[in-house]
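Could you walk me through this structure in my viewer, one selection at a time? I would like to know what to pick next and what I will find there.

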Amino acid sequence: MSELNYHARERLQIGIFMPSVSHSPNISHYKSDPDDWTFATNKKIALAAEAAGFDFLFPISRWRTIGGAIDFHGKSLETMTWAAALLACTQRIQIFSTVHVPVFNPVVAAKMGATLDHVSNGRWGINIVSGWNRKEFDMMGIEMLEHENRYRRSEDFIKVLKGLWTEPLGTFNFKSEYYTVRDGYCAPQPIADPHPPIVNAGTSSDARDMVARICDWAFICPMSFDDAEELARDFKARAARHGRHVRIVSMAQPIWAAQAADAHAERDRVVAEMDKEALRHWAAGANMESESFNQQTLETFCYGSGAMPLLGTANDVAEQIAEFYHRGVDGVLMSYMDFVKDTVRFGEDIIPLLKRMNVL
Ligand SMILES: Cc1cc2nc3c(=O)[nH]c(=O)nc-3n(C[C@H](O)[C@H](O)[C@H](O)COP(=O)(O)O)c2cc1C
């Protein structure tokens, strides 16, 4: 059996990379929106996504601005509380929070997560960020660990979450270099079975090994379909060695128009008006501290913060999304030029095509 068939194939999952931060997603002056982070906008997108049939919403978590001329990510909503509010006003869609491991005690994060799971009747999930943005941690007086140790600590963090969420109350004990839990107790435990889904977004070798051992989903930022296929194959092969299955979700940013040339022109405009100062700030942090984005150039990173461009007519875009699926990717996390409008348009123009293609 090939690694891709290791698990019976589910239909493609589609999600939105929400503007929980300002100026999302393009690092550009072109159509840059300083007010897209507001809760009113996030709520509109969430309700439109749920009505259109999207599967999940995913936030960006930031503790301080990236800066630059547009003040990229200058305003942001904290994502545990953001998820609580959105889960309370939706019915069906799954919503994630993003947790920076160095900032949270895992017992507190487990309790907050169990609360969000109960608020939503099992619709909440967690994205684990090991930490790469040194300025954020300097602000809190938190020392950043070496890359390998960051992931060792993240793995311990996840073990504590799982222990508290699944072991009989008062019986979970844990001791490592990073965390100590005695007679761990988290009641109520989550409704989600066996526990809320645990995501990691990173493709370094340390990240891939941790995902294989202990996470449920891996979010990737490929440069091409070949790249996506290779990443999906590798993540799944590593997980299979532990007798596990992981879902792979790729970042992408579609633009579709009646004339394909108009979609390409829109992307070119984003790149032509890039905010070089903000990009340099980001690249300085990301290139030094993360391995996932080191293939990106300022040009590819400026469009959708590194999301793969999917451009053309509605049919072209649907075919490109289907191609992800046929290459072994299980989900697509999308950002848009105009989140509210494009979420509705995606439901009208693209979802019916994906259904006809038997991908959704
Ligand atoms: C889809 C996606 C979402 C991410 N979301 C965040 C985020 O909200 N906040 C953050 O600080 N880092 C975020 N990251 C960065 C990753 O968590 C990770 O730290 C980075 O990719 C470096 O990983 P590496 O050191 O394993 O290469 C995201 C990455 C991806 C691919």
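Start by selecting α5 and α6, which pass each other in a right-handed crossing. In this predicted model, the contact draws on His147, Glu148, Tyr151, Ser154, Glu155 and Ile158 from α5, and on Asp206, Ala207, Met210, Arg213 and Ile214 from α6. Colour those residues by class and you should find five nonpolar, two polar and four charged. Helix α6 covers residues 205–214, and its axis comes within 10 Å of that of α5, at a crossing angle of roughly 15°. Because angles under 35 degrees count as roughly parallel, α5 is roughly parallel to α6.

**Next: α5 with α3**

Keep α5 (residues 147–166) on screen and add α3 (residues 106–119). The axes of α3 and α5 lie 9 Å apart, and the two helices pack at about 50°. That angle makes α3 oblique to α5. The crossing of α3 past α5 is right-handed. To see the contact itself, select Pro106, Val107, Ala109, Ala110, Gly113 and Ala114 on the α3 side, then Phe157, Val160, Leu161, Leu164 and Trp165 on the α5 side. How many residues of this contact are nonpolar, polar and charged? The contact of α3 with α5 has 10 nonpolar residues, one polar and no charged.

**Then: α11 and α12**

Now move along the chain to α11 (residues 314–326) and α12 (residues 339–356). Here the axes are 9 Å apart, with a packing angle of about 50°. This makes α11 oblique to α12. The crossing of α11 and α12 is right-handed. Show side chains for Ala314, Asn315, Val317, Ala318, Ile321 and Ala322 in α11, and for Asp349, Ile350, Leu353 and Leu354 in α12. Sorted by class, the α11–α12 contact comes to eight nonpolar residues, one polar and one charged.

**A stop on a strand: phenylalanine 219**

Select phenylalanine 219, which sits in strand β8 (residues 217–220). Is this residue buried or exposed? Phenylalanine 219 is buried, since 24 other C-beta atoms lie within 10 Å. Setting aside neighbours within four places in sequence, its contacts are Val199, Ala201, Val249, Met251 and Leu333. Draw a distance from phenylalanine 219 to valine 249, and the C-alpha atoms should read 4.7 Å apart, although the two residues are 30 positions apart in sequence.

**The loop between β1 and α1**

Go back towards the start of the chain and pick serine 24, in the loop between β1 (13–17) and α1 (39–52). Serine 24 is buried, with 25 other C-beta atoms within 10 Å. Leaving out residues up to four places away in sequence, serine 24 touches Pro19, Asp36, Ile60 and Ser335. For a longer line across the model, join the C-alpha atoms of serine 24 and glutamate 146: they are separated by 29 Å, and the two residues are 122 apart along the chain.

Histidine 23 is also in the loop between β1 and α1. Check the backbone of histidine 23, whose phi is positive at about 65° although the residue is not a glycine. Histidine 23 is buried, with 27 other C-beta atoms within 10 Å.

**Another positive phi: histidine 73**

Select histidine 73, in the loop between β2 (56–58) and α2 (79–88). Histidine 73 has a positive phi of about 60° and is not a glycine. Its surroundings hold 27 other C-beta atoms within 10 Å, so histidine 73 is buried.

**Two cis peptide bonds**

Next, find proline 188 in the loop between β6 (180–184) and β7 (198–201). The bond to look at runs from alanine 187 to proline 188: it is cis, with omega near 5°. Stay in the loop between β6 and β7 for proline 194. The peptide bond from aspartate 193 to proline 194 is cis, with omega near 5°.

**Zoom out**

Finish with the whole chain, whose secondary structure amounts to 12 helices and 11 strands. The C-alpha trace spans about 60 × 45 × 40 Å along its principal axes. A compact globule of 360 residues would have a radius of gyration near 21 Å, and the 20 Å of this chain agrees with that. Of the 360 residues, 49% count as buried. Among contacts with a separation of 6 or more, 76% link residues 24 or more positions apart.

Terms used. Residues are numbered from 1 along each chain as its sequence is written. This is a predicted model: local features need pLDDT of at least 70, side-chain atom pairs count only at pLDDT 80 or more; totals for chains, interfaces and linings use all residues. Axes are lines fitted to C-alpha atoms, for helices over the stretch in contact, and angles run from 0 to 180 degrees between N-to-C directions. Helices (H or I, at least four residues) and strands (E, at least two) are DSSP runs, numbered from the N terminus. Angles under 35 degrees count as roughly parallel, over 145 as roughly antiparallel, 65 to 115 as roughly perpendicular and the rest as oblique. A crossing is left-handed if the near helix is turned anticlockwise from the far one by less than a right angle, and right-handed if clockwise. Two residues are in contact if their C-beta atoms, placed from the backbone, lie within 7 Å. Ala, Val, Leu, Ile, Met, Phe, Trp, Tyr, Cys and Pro count as nonpolar, Asp, Glu, Lys and Arg as charged, and the others, Gly among them, as polar. A residue is buried if 20 or more other C-beta atoms lie within 10 Å of its own, exposed if 12 or fewer, and partly exposed in between; C-beta atoms are placed from the backbone. The radius of gyration is taken over C-alpha atoms; the globule rule is 2.2 Å times the number of residues to the power 0.38.
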